[in-house]
Amino acid sequence: MNSQNPTFDLLCRNHVGLDAFSTYEIGGEARHLALPHTLEELKIVLEGAKTKGLNPFLFGMGSNTLFPDRPDEDMLFFSLKEHIEFKLLPGRLFVSGGTPMTLLALFGLYTGISSFDFMFLLPGTLGAGVYMNAKYFSHQVSDVLETAYVIDKEHPEQGIIPVPLAGCEYGYKTSIFMRKPWIVVGADLKLPVDPKLTPDETEALFAKLQAKNLPSSMLPDYYRHYAGELNIAAKQGFEVRQELLDVIADRGGKLHFDYPSCGSVFKNNYTIGEPMGKLVDRLGLRGTVRGGAMISDHHGNIIQNRGGAKASDVTDLVKLVQEKVEAEFGFVPEPELVIV
Ligand SMILES: Cc1cc2nc3c(=O)[nH]c(=O)nc-3n(C[C@H](O)[C@H](O)[C@H](O)COP(=O)(O)OP(=O)(O)OC[C@H]3O[C@@H](n4cnc5c(N)ncnc54)[C@H](O)[C@@H]3O)c2cc1C
């Protein structure tokens with residue numbers, strides 16, 4: 001936004017297809033959409049929504065969100081994905097909520113810090129990762145978070161509120177952020193060792209990593225862009241840890257980036273003793289098709305858009321799995337996917 005005095009009307013785009021903002025590549029036309037670049041712009045967007053009686057819906061990269069086929073006219077969709085900031089502080093790194101999580105893994109690659117490796121190729125923004133405690137095998141966002149910073153959607157005039165780790169009420173893919181009208185605008189992340197960079201060098205490194213146009217929400221672009229970063233680092237003589245290569249092998253093996261999807265649809269129910277993918281397999285539901293959507297034939301907990309899927313095709317499959325799992329295993333699986 002070049003204008004020195006951005007207004008709500010300048011910040012807000014009209015009649016924009018939401019399919020371009022979701023890794024599902026599904027979603028009808030939003031009447032109102034805003035991508036604020038700064039916290040000042042975010043404030044203008046929130047105040048404008050209030051004045052105009054719009055219902056704001058926050059998203060990041062749309063990698064865990066199923067947008068509706070026909071969004072309500074009075075909804076304002078807004079994402080912080082254009083707000084990217086980082087600052088090296090003593091013993092910690094401040095990162096804004098719109099920053100792609102995978103950038104942190106790349107920061108770790110260039111600085112020898114391995115604690116962000118689990119975020120490599122984990123689609124999505126840090127704000128959403130903090131919100132839902134994004135997890136990869138035994139590592140999760142709560143392991144690296146020191147303090148989250150939020151703005152209350154309903155009371156932006158209160159400014160930025162710090163939420164220390166102890167106040168985040170983290171559990172398995174759950175947090176206080178899911179129960180409050182809060183926007184995660186940034187977080188201080190723990191640095192287990194000194195990255196041996198000055199704050200200016202850190203800023204330059206992140207600027208270099210994100211300068212090449214952030215990929216869209218299309219998964220093949222996302223994968224190509226960030227997997228390619230490993231080759232660039234290797235050519236410059238940086239050691240690419242085996243953990244990062246293992247992520248490529250694991251996610252590639254599960255065809256994570258071959259078809260539009262939002263990754264796992266359901267949370268695991270640990271009292272059952274088997275992950276959701278296995279339960280869906282046991283029910284013989286892999287490969288089930290509704291319209292353009294299909295339960296992956298490689299992984300039972302992923303529903304893919306195999307071409308022209310509608311949100312209703314995905315929700316039909318969600319309901320089918322819930323009904324069959326309840327009938328066979330006695331519980332209704334809880335979606336991890338945010339269905340708008
Ligand atoms: C191929 C693939 C693989 C995946 N693998 C994993 C995995 O291994 N582990 C895992 O945990 N997830 C995984 N996911 C899901 C997804 O990557 C995570 O849920 C991620 O945290 C979503 O980030 P996002 O920015 O895309 O969120 P969005 O989908 O845009 O939003 C998701 C939710 O977060 C909320 N939100 C977004 N930004 C903020 C913010 N700044 N403050 C507060 N709330 C916010 C939204 O309101 C919404 O409710 C995968 C997805 C895909 C497509």
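Q: Before we start, what is a polar contact?
A: A polar contact is a pair of N or O atoms within 3.5 Å. Keep in mind that this is a predicted model.

Q: Thanks! So how far is a polar side-chain atom of K173 from an oxygen atom of the ligand?
A: The two are 3.5 Å apart.

Q: And what about the side chain of S63?
A: An N or O atom in the S63 side chain sits 2.6 Å from an oxygen atom of the ligand. R251 also has a side-chain N or O atom 2.9 Å from a ligand oxygen.

Q: Is the ligand's accessible area mostly covered or mostly free, then, and how much of it does the protein cover?
A: Mostly covered: on its own the ligand has 970 Å² of accessible area, and the protein covers 96% of that.

Q: Which elements give two or more residues to the shell around the ligand?
A: Those are β3 (55–59), α4 (126–132), β8 (135–136) and β12 (182–190). The largest share comes from α4, with 5 residues.

Q: How many residues surround the ligand, and which are the closest?
A: There are 34 around the ligand, and L58, G60, S63, P123 and K135 are the closest. By type, the shell holds 17 nonpolar, 13 polar and 4 charged residues.

Q: Where does the ligand lie relative to the domains?
A: The ligand lies between domain 1 (8–79) and domain 2 (86–220), because both give residues to the shell around it.

Q: Switching topic: which domains does the assignment give for the chain?
A: Besides domain 1 (8–79) and domain 2 (86–220), there is domain 3 (276–339).

Q: How many residues of domain 1 and domain 3 are in contact?
A: 10 residues of domain 1 contact 13 of domain 3, and the C-alpha centres of these two domains are 27 Å apart.

Q: What area is buried between domain 1 and domain 3?
A: About 910 Å², with carbon and sulfur atoms giving 58% of it. On the domain 1 side, Y24, N64 and L66 supply 64% of the area buried against domain 3, more than any other three residues.

Conventions
Residues are numbered from 1 along each chain as its sequence is written. This is a predicted model: local features need pLDDT of at least 70, side-chain atom pairs count only at pLDDT 80 or more; totals for chains, interfaces and linings use all residues. Side-chain values use heavy atoms; hydrogens and water are left out. A residue is near a molecule or strand if one of its heavy atoms lies within 4 Å of it. A polar contact is a pair of N or O atoms within 3.5 Å; within protein, one must be able to donate a hydrogen and the other to accept it, and residues adjacent in sequence count only if both atoms are side-chain atoms. Accessible areas come from the Shrake-Rupley method with a 1.4 Å probe; for residues, only the protein chains shown count as cover. Helices (H or I, at least four residues) and strands (E, at least two) are DSSP runs, numbered from the N terminus. Ala, Val, Leu, Ile, Met, Phe, Trp, Tyr, Cys and Pro count as nonpolar, Asp, Glu, Lys and Arg as charged, and the others, Gly among them, as polar. Domain bounds come from an automatic or database domain assignment. Contact means heavy atoms within 4.5 Å. Buried area is the accessible area (1.4 Å probe) that two parts lose on being put together, summed over both.
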